[in-house]
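Trainee: Could you take me through the surroundings of the ligand in close detail? After that, I would be glad to hear about the other local features worth a look.

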Amino acid sequence: MFDLSTPIEQLYLVGPARAKLLKNLGIHTLEDLLFYFPRGHHDLSKFSRIGELKLGETANVKVKILESKTFRTKVRRLTITQALVEDESGSILCVWFNQPYLAKVFHPREEFIFSGKVVASKNKLQLQNPIYEPVRDEQVHTSRLVPLYGLTANLTQKQLRSIIKLYLDKVPIPEYLPALILKSENLLGETAAVRQFHFPADYAALNSAQTRLAFDEIFQTQLRVLRYKKSREQNRGIVIPLDPGLDQKIESLPFKLTLSQKEALAEIIEDYQRPYPANRLLEGDVGSGKTIVAALTMWLAAQNGLQTALLCPTEVLASQHYANLLKLFLNDGLDVAILTSSQAKLNGNPVSRPTVLAAIQNGKSKIVIGTHALLEPQIRFKTLSVIVIDEQHRFGVQQRSWLKHDSPAHLLTMSATPIPRTLALTLYGDLDISILKELPAGRQKILTKIVSEQNRAKAYEFIAKQIEAGRQAFVICPLIEESDKLEVKSATAEYKKLAADVFPQLRIGLLHGKLKPVEKEQVMQKFKDNELQILVSTSVIEVGVDIANATVMMIEGSERFGLAQLHQFRGRVGRSDHKSYCFLFSNDPEAEKNPRLKALVENSNGFELAEKDLAIRGGGDLYGTQQSGYDFKIATLSNLDLVQRSRRYAQALINEDLTLNSHPLLKQKIDRAPAVHLE
Ligand code: ADP
Ligand code: MG
């Protein structure tokens with residue numbers, strides 16, 4: 001007999017060759033097979049009448065065979081099967097190529113369902129290569145909502161569908177949800193849901209199946225997250241005591257902290273004094289001043305003799321943070337180190353990588369900044385007390401899971417991507433959130449304009465004037481997704497054009513992903529020092545780059561970028577009290593009407609833009625699975641209501657019984673899958 005754990009090799013209809021194909025799809029057991037859900041359904045539920053078929057349509061007909069024959073053509077040696085079929089409205093010829101076994105399939109007077117494309121041959125309509133099913137069988141491949149699966153080479157829809165159908169009907173799936181939840185949520189039972197999701201009776205059934213399975217996914221995630229939260233609270237964290245010098249440190253800054261910054265700082269510092277590891281997201285729009293908040297908490301840890309690490313998604317950002325923190329901690333006598341795949345420095349001096357590794361390991365370096373190079377396993381800290389992750393949405397799940405090994409360190413993640421609170425709870429579990437609501441005082445609105453080709457010269461004139469007044473400008477080159485090489489080429493061409501023809505009198509630099517890290521750093525340093533007045537760049541400067549003196553952001557091919565990206569680019573200017581400008585160029589003569597560009601012109605707030613983005617994309621993937629790193633197959637996270645309800649059930653269950661021992665099936669499911677990713 002079969003059960004869900006039966007390996008697929010042992011299934012009827014699956015030989016060794018086919019088992020290998022199924023494994024390519026991640027299907028190893030019968031359970032995997034039954035939970036291999038279709039990507040969509042082909043609606044073949046309605047029949048057409050032969051007399052009313054139209055050229056080009058894909059039609060579904062219920063017919064009686066009149067006659068059939070199979071023969072080989074002389075010229076191209078093709079095997080052709082023909083069947084003349086009829087319904088009450090007329091007759092039509094069906095044709096198949098190179099399927100000689102069909103000779104034995106069709107017999108006069110038998111009834112079949114055919115589904116295929118209507119084509120014309122010699123001025124007459126015919127059905128070419130239709131799929132067929134005898135009317136006497138239950139319909140699996142035709143005359144219903146037919147499931148369409150993700151395939152692999154040498155496996156057809158029909159084969160996979162037949163295997164799944166066979167076992168769906170044979171093997172019941174045990175119900176693991178507590179009856180109370182099933183009832184109050186009015187959910188379909190597990191077996192019915194899985195069956196109906198593959199082979200729905202109609203759209204309503206498909207819908208209920210989807211609802212049930214989406215609930216499963218979210219509910220299980222919530223349970224894992226909450227159970228993890230409970231167990232983490234039993235972990236010992238590193239307590240970081242207050243330091244009376246902190247107020248003085250804040251006083252010594254060249255600016256006054258905003259109210260939000262002060263509040264966030266207080267919240268984070270309070271976390272650090274609890275005996276278990278904190279996990280907080282610091283959310284704030286581009287330019288709201290997240291870095292200094294994190295830096296002050298790193299300073300506090302260092303005063304207590306503890307190490308902290310700041311993780312950045314790009315080298316450009318890592319070296320910028322390094323330069324800033326070096327300056328910020330200049331008079332504190334703290335060792336500050338940077339480690340990326342290309343550089344290692346200690347207190348501003350280039351040193352060998354082993355030297356930096358040693359300083360990290362023996363605890364001498366208190367502040368360590370780096371890219372994912374910091375994630376390598378050979379890097380050991382002595383007393384790592386805080387991990388700060390900048391632009392956390394740019395890190396993959398894989399990289400985030402670095403933070404897993406029972407680290408007692410507090411976690412502080414930073415992002416400009418607004419995530420609703422409920423959703424954050426689902427995705428990251430026990431996440432606390434601090435929000436920087438306002439920008440630092442004195443910031444003016446960035447004037448954003450869509451500029452037509454005719455006005456290009458005027459825009460250049462404007463840039464020249466800004467530079468004359470001492471300011472600087474960015475020029476972003478269009479995104480070329482298919483090829484880094486082409487992108488570099490176009491950026492280089494743009495750079496040459498500007499340097500030779502447009503601004504021969506100005507100092508211009510070029511930045512792109514193919515430069516060596518040292519070269520990138522040199523270019524950025526020169527721009528920072530105003531030795532370069534214009535920086536031509538690809539999207540590598542998208543996040544984090546902070547050059548307060550830059551006031552013009554000019555974006556070429558702006559229609560190619562996403563709204564969040566455009567907002568990030570724009571956020572590179574407007575970082576001082578100088579008035580700043582963002583010019584959007586486009587190859588599209590209709591750019592004025594582009595909803596994304598219009599939204600950018602009309603909104604300056606990242607949270608509002610995120611909502612616009614959602615509206616424009618019609619509930620797309622803004623908060624979707626890609627960003628979350630969760631592999632939801634059915635659920636969409638935009639259903640916040642469902643997220644919230646399932647969280648309540650999960651919380652109640654965990655409160656009642658943390659071990660889940662009273663729900664063994666449920667426990668089994670929760671134990672099997674990985675724990676929360678961001679740990
Ligand atoms: P983001 O939140 O986008 O990471 P940054 O931390 O890079 O923003 O800060 C943007 C700029 O604002 C930096 O140059 C920083 O020094 C400056 N800044 C931060 N806080 C304040 C403040 N309270 N007043 C004035 N300028 C500030
Ligand atoms: Mg930043």
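Mentor: Let's begin with the backbone of G289, where an N or O atom lies 3.1 Å from an oxygen atom of ligand 1. Please keep in mind throughout that this is a predicted model. Two side chains also reach oxygen atoms of the ligand. In K290, an N or O atom of the side chain is 2.9 Å from an oxygen atom of ligand 1, and in D546 a polar side-chain atom lies 2.6 Å from an oxygen atom of ligand 1. The protein buries 84% of the 570 Å² that ligand 1 exposes when taken alone.

Now widen the view to the whole shell. There are 16 residues around ligand 1, and K256, G287, K290, T291 and D546 come nearest. By class, the shell holds 6 charged, 6 polar and 4 nonpolar residues.

From the ligand, let's move to a strand, β13, which covers residues 367-370. Its residues point in two directions: I367 and I369 one way, V368 and G370 the other, and all of them are buried. Strand β13 has a parallel partner in β9 (residues 307-311), with 4 bridges between them. It pairs in the parallel sense with β10 (residues 336-339) as well, again over 4 bridges. You can use G370 as a landmark here: L311 stands opposite G370, and L339 stands opposite G370 too.

The loop that follows this strand brings us to the charged pairs. As background, side chains of opposite charge can pair when their charged atoms come close. The count for this model comes to 26 salt bridges, and I'll pick out a few of them for you.

One of them joins E376 and R353, whose side chains meet at 3.0 Å, N to O. This pair links distant parts of the chain, as E376 sits in the loop between β13 and β14 (384-389) while R353 belongs to helix α11 (residues 353-361), 23 residues away. Both partners are partly exposed, E376 with a relative accessibility of 28% and R353 with 29%.

Another salt bridge is formed by E267 and R280, at 3.6 Å from N to O. Because E267 lies in helix α8 (residues 259-272) and R280 in strand β8 (residues 279-284), the pair ties together parts that are 13 residues apart in sequence. Here the two partners fall into separate classes: E267 counts as partly exposed at 32% relative accessibility, whereas R280 counts as buried at 9%. The pair also belongs to a wider arrangement, a network of salt bridges that links E267, E270, D271, R274 and R280.

A third example stays inside one helix. R212 forms a salt bridge with D216, and their closest N and O atoms are 2.8 Å apart. Both residues lie in helix α6, separated by 4 residues, or about one turn of the helix. Neither side chain belongs to an exposed residue: R212 is buried at 0% relative accessibility, and D216 is buried with a relative accessible area of 4%.

While you are on helix α6, follow it along to R224, as the helix runs through residues 203-232. R224 is buried as well, with a relative accessible area of 13%. Its C-alpha atom is separated by 9.9 Å from that of K669, although the two residues are 445 apart along the chain.

Finally, let's turn to the backbone angles. Most residues other than glycine have a negative phi. K122 departs from this pattern, with a positive phi of about 45 degrees although it is not a glycine. Its place is the loop between β5 (111-121) and β6 (124-134), and K122 is exposed, with a relative accessible area of 82%. N186 is another non-glycine residue with a positive phi, in this case about 55 degrees. N186 sits in the loop between α4 (179-184) and α5 (190-198), and it too is exposed, with a relative accessible area of 68%.

Key
Residues are numbered from 1 along each chain as its sequence is written. Chains are lettered from A and ligands numbered from 1 in the order in which they are written. This is a predicted model: local features need pLDDT of at least 70, side-chain atom pairs count only at pLDDT 80 or more; totals for chains, interfaces and linings use all residues. Side-chain values use heavy atoms; hydrogens and water are left out. A residue is near a molecule or strand if one of its heavy atoms lies within 4 Å of it. A polar contact is a pair of N or O atoms within 3.5 Å; within protein, one must be able to donate a hydrogen and the other to accept it, and residues adjacent in sequence count only if both atoms are side-chain atoms. Accessible areas come from the Shrake-Rupley method with a 1.4 Å probe; for residues, only the protein chains shown count as cover. Ala, Val, Leu, Ile, Met, Phe, Trp, Tyr, Cys and Pro count as nonpolar, Asp, Glu, Lys and Arg as charged, and the others, Gly among them, as polar. Buried means under 20% relative accessible area, exposed over 50%, partly exposed in between (1.4 Å probe, protein chains only). Two strands pair if DSSP finds at least two bridges between them. A salt bridge is a side-chain nitrogen of Lys or Arg within 4 Å of a carboxyl oxygen of Asp or Glu.
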